[in-house]
Amino acid sequence: MNDNKGFNYAFGMSRHSLWIIGVWPDPLASLSDFHRPNIRFIIAICIVLFYVIMPTIINTIRAWGNIIRLVEGIAAANFCVLALCKIFGTWYHRKTLRTLMVSIMTDWTVKNNEERKTMLHITRHGRILCITCYMMMICIMSFYVNSHLIKIFRNISQPQRTLVYPFNYFYNSQKSPNYEITCLFQLTAGVCSSFINSTIDVFISLLLLHICAQLVNLRTALNNLVDKLAEGSISSSSFKKGLAEITVRHEHLIRNIKVINNCYSIILFLHMFATTFQLCFKSFQFFTIVIKHLDVPIITKIYALLYFIYELMHLYIYCYSAERLSKESINMMHGAYECKWYDLPPKDAKNLIFMIHRSAIPFSLNAGKFGTFSIEMFGNAVKTSMGYLSLLLTLMER
């Protein structure tokens, strides 16, 4: 597998998906190509903003006092505003992300077979997450489109026809073909929001897993270097030179994770905050259907359940990737401690203390300045959302 194939294997799906929405930070493009927003980016922003976010926010304000309609409106607006923030944040930091992608592409030029095997092994986990996420997105969007198409066909012959997201546009949306075109754009906006969320969530997870692979390779390189000096196959000066290269490489990875946090920290805080409420709102909608025995199509019930799983999956993708990143960064310290340092001359063994000290601070994916993603955060978010659900159900019964 050559260098381009390795990079394409890792980021091929993300590259095509980000290109579709016009925010792919192409490492082969010149910086001058990033001065103007892409037309696909502008179209995606406009469709989501005018055909979902504006109608849902206005409908939410109008539904004040009706808790069922209020929750439904907030859930839709919440999801689409998050998509808008993600795509805008990725576009805004496109030059910084391009530099990061250049660094990642360079990492795939490695000639060591063992290092390549490690990178491919961890990349396979990323691809499994990526494929699973997109399959879930396709599944839930199929139910989303079908459930709304059923409503559209039921109302098609009515004098007052209901849009997917009711809104008073500047044109007569009740007259054909305006009605059909407006519904099509609103459905497209909903699908586009889901596609943006899935694409950028997967992209960030792949970035984290790539850094995990580099940390594993770095730990292996350190152990091999220590073993060679302990066996006497290299000199002390060669050891210091190799250790300096490993240290520089470790600092480079630290800068890369800082770049990711600088680009996405605020957005990830919004994601954590929004997902907690989304889990609550979608659970509430599902329980409302069950408790009140509402006469809704089975497709709508399945969609509500799948959407809950979809939100859980996206939160778990972040937490899993961040947990593994933290683990591999700590393992860098353990690797320096567990190698054969006791067989080294004291002056060379002391040099490992700097690596141990620097690795004592784990890498993390931050949600603003309020927390870090981890499996523990995943559990806390689910627990918190269920607490909010209990509150909503209590309010509904009054």
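Q: In this predicted model, which side chain makes a polar contact with the side chain of Gln 214?
A: Start with where Gln 214 sits: the residue is part of helix H6. Setting aside neighbours within four places in sequence, Gln 214 is in contact with Asp 107, Met 119, Arg 249 and Leu 253. The side-chain polar contact, at 3.1 Å, goes to Arg 249.

Q: Is Gln 214 buried or exposed?
A: The cut-off for buried is under 20% relative accessible area. Gln 214 comes in at 7%, so the residue is buried.

Q: How many of the 54 residues of H6 are buried?
A: H6 reaches 79 Å from its first C-alpha to its last, close to the 80 Å expected at 1.5 Å a residue. After the helix comes Gly 232, with a positive phi near 80 degrees. As for burial, H6 is mostly covered, and the count of buried residues is 39.

Q: How far apart are the end C-alpha atoms of helix H2 (residues 39-62)?
A: H2 has 24 residues, and at 1.5 Å a residue they should span 34 Å. The model agrees with that, because the end C-alpha atoms are separated by 34 Å.

Q: On which residue is the kink in H2 centred?
A: The end-to-end span of H2 agrees with the expected 34 Å. Still, there's a kink of about 35 degrees in this helix, and its centre is Leu 49.

Q: Which residue caps the N-terminal end of H2?
A: Look for a side-chain oxygen by the backbone nitrogen of Arg 40. One lies 2.8 Å from that nitrogen, and it belongs to Asn 38.

Q: What covers the buried residues of H2?
A: The buried residues of H2 include Phe 41, Ile 45, Val 48, Val 52, Pro 55 and Asn 59. Among the elements covering the buried residues are helix H3 (67-92) and helix H6 (178-231).

Q: Which residues is Thr 60 in contact with, leaving aside its neighbours within four places in sequence?
A: Thr 60 belongs to helix H2. Its relative accessibility is 12%, so it counts as buried. Outside that sequence window, its contacts are Leu 70, Gly 73 and Ile 74.

Q: How many disulfides are there?
A: A disulfide needs two cysteine sulfur atoms within 2.5 Å. For Cys 280, the closest cysteine sulfur is in Cys 319 at 18 Å, so that's too far for a bond. The sulfur of Cys 319 has its closest cysteine sulfur in Cys 212, and 14 Å is too far as well. The count is 0.

Q: What is the relative accessibility of Cys 319?
A: Cys 280 is buried, with a relative accessible area of 1%. Cys 319 also counts as buried, because its relative accessibility is 0%.

Q: What distance separates the C-alpha atoms of Tyr 264 and Arg 98?
A: Tyr 264 lies in helix H7 (residues 236-291) and counts as buried, at 0% relative accessibility. Leaving aside neighbours within four places in sequence, its contacts are Thr 90, Leu 97, Ile 200, Phe 203 and Ile 204. Tyr 264 and Arg 98 are 166 residues apart along the chain, yet their C-alpha atoms are separated by 14 Å.

Q: Which element of the protein chain has the highest mean pLDDT?
A: The chain averages a pLDDT of 85, and 96% of the residues score at least 70. The lowest mean among the elements, 80, belongs to helix H10 (residues 352-359). The highest, 91, goes to helix H4 (residues 94-107).

Notes
Residues numbered from 1 in each chain as written. Heavy atoms only, no water. Helix = DSSP H or I, 4+ residues; strand = E, 2+ residues; numbered from the N terminus. Expected span 1.5 Å × (residues − 1). Bend = angle between axes of the 7 residues up to and from the residue. Buried < 20%, exposed > 50% of the residue type's maximum accessible area, 1.4 Å probe, protein only. Contact = heavy atoms within 4.5 Å. Polar contact = N/O pair within 3.5 Å; in protein donor to acceptor, adjacent residues only side chain to side chain. pLDDT = per-residue confidence, 0-100.
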